[in-house]
Amino acid sequence: MEHKTEKRGRKSLPLDKKKPPQATVKINDFILPFVQELKGYLKNNLVTEKTLVQLFDVLKEKGDQQSSAFNDPDSVSIVTELQEKIHTLDAEKRLIERALAKRQEISLKLTQERDKAHLNAVHTESRLESLKSSYRLLKYDYDVLMHREHDCMAIKCDGERCTRPATLEKIEQSIVLRVCHQHAKIVEKYS
Ligand SMILES: [Zn+2]
């Protein structure tokens with residue numbers, strides 16, 4: 001009777017290709033996802049000596065992740081670089097603020113000058129108005145004087161002075177009378 005030996009699992013490799021024996025451990029379900037993840041990383045050559053040290057640090061509470069990040073020279077150089085950038089930006093900000101303050105000062109000065117010019121303009125305008133009104137008064141006086149000097153000196157029937165220009169000079173009892181053509185006849189009639 002033929003006896004068949006039952007074989008389970010993979011076929012065993014030939015002796016020269018056998019890997020060194022690996023430790024076998026039972027893994028609690030709770031940490032299983034972590035171990036699988038770690039194995040995945042290991043397979044992709046993403047786990048270095050440093051990674052392991054850091055992980056152990058975390059486990060042993062030798063320091064929280066933040067402080068271990070600060071112990072990492074790469075992180076330190078990033079932080080230093082950022083701090084330098086912040087310093088540069090701060091300096092630029094101060095320059096901009098100073099320029100802005102200067103501009104505001106200039107703007108204020110210009111506003112003051114504009115207000116002064118505006119006041120001057122208002123003052124000039126009111127002076128002009130007052131000169132215009134003086135001119136109107138003088139013009140009135142001038143017209144009155146011109147009327148007195150050059151218009152006919154006769155009084156009309158309605159008691160108003162004749163407004164026609166005087167064209168003739170009549171001497172009446174040693175007084176020079178300037179009259180229009182029409183009133184000249186009347187003067188002649190009474191002389
Ligand atoms: Zn007249």
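**Entry: asparagine 45**

I looked up asparagine 45 and found its place in the loop between α1 and α2. Helices here are DSSP runs of H or I with at least four residues, strands are DSSP runs of E with at least two, and both are numbered from the N terminus. I note that this is a predicted model, in which local features need pLDDT of at least 70, side-chain atom pairs count only at pLDDT 80 or more, and totals for chains, interfaces and linings use all residues. I number residues from 1 along each chain, as its sequence is written.

I checked the backbone of asparagine 45 next: its phi is positive, about 60 degrees, although the residue is not a glycine. Is asparagine 45 buried or exposed? I count it as exposed, because it has 7 C-beta neighbours inside 10 Å. The cut-offs, with C-beta atoms placed from the backbone, are these: a residue is buried if 20 or more other C-beta atoms lie within 10 Å of its own, exposed if 12 or fewer, and partly exposed in between.

**Entry: the chain as a whole**

I find five helices and two strands in the chain. Along the sequence their pattern reads α-α-α-α-β-β-α. Of the 191 residues of the chain, I see that 2% count as buried.

I also looked at contacts, where two residues touch if their C-beta atoms, placed from the backbone, lie within 7 Å. Among the contacts with a separation of 6 or more, 18% join residues 24 or more positions apart.

The average pLDDT, the predictor's confidence in each residue on a scale from 0 to 100, is 86 for the chain, and 89% of the residues score at least 70. Which element has the lowest mean pLDDT? I read helix α3 (residues 65-71) as the lowest of the elements, with a mean of 60, and helix α4 (residues 73-150) as the highest, with 94.

**Entry: helices α1 and α2**

I compared the length of helix α1 (residues 32-43) with the expected span, which is 1.5 Å times one less than the number of residues. The 12 residues of α1 should span 16 Å, and the end C-alpha atoms are 16 Å apart, so the two agree. I find zero buried residues among the 12 of α1, which is hardly covered.

Helix α2 (residues 49-59) has 11 residues, and I note that the number buried is zero, so α2 lies largely in the open. Just after α2 I come to glutamate 61, which takes a positive phi of about 55 degrees.

**Entry: the β1 and β2 hairpin**

I followed strand β1 (residues 168-172) and strand β2 (residues 175-179), which pair in the antiparallel sense over five bridges. Two strands count as paired if DSSP finds at least two bridges between them. I see isoleucine 171 bridged to valine 176 in β2, and glutamate 172 opposite isoleucine 175. β1 is hardly covered, since zero of its five residues are buried.

The hairpin has two residues between the strands. One residue I looked up in this loop between β1 and β2 is glutamine 173. Glutamine 173 is not a glycine, yet its phi is positive, about 50 degrees. I count glutamine 173 as exposed, because 6 other C-beta atoms lie within 10 Å.

**Entry: leucine 177**

I ended in strand β2, at leucine 177. Because leucine 177 has 18 C-beta neighbours inside 10 Å, I count it as partly exposed. Which residues does leucine 177 touch, not counting residues up to four places away in sequence? I list Met153, Lys170, Glu172 and Val187. Methionine 153 is 24 residues from leucine 177 along the chain, and I read 6.8 Å between their C-alpha atoms.
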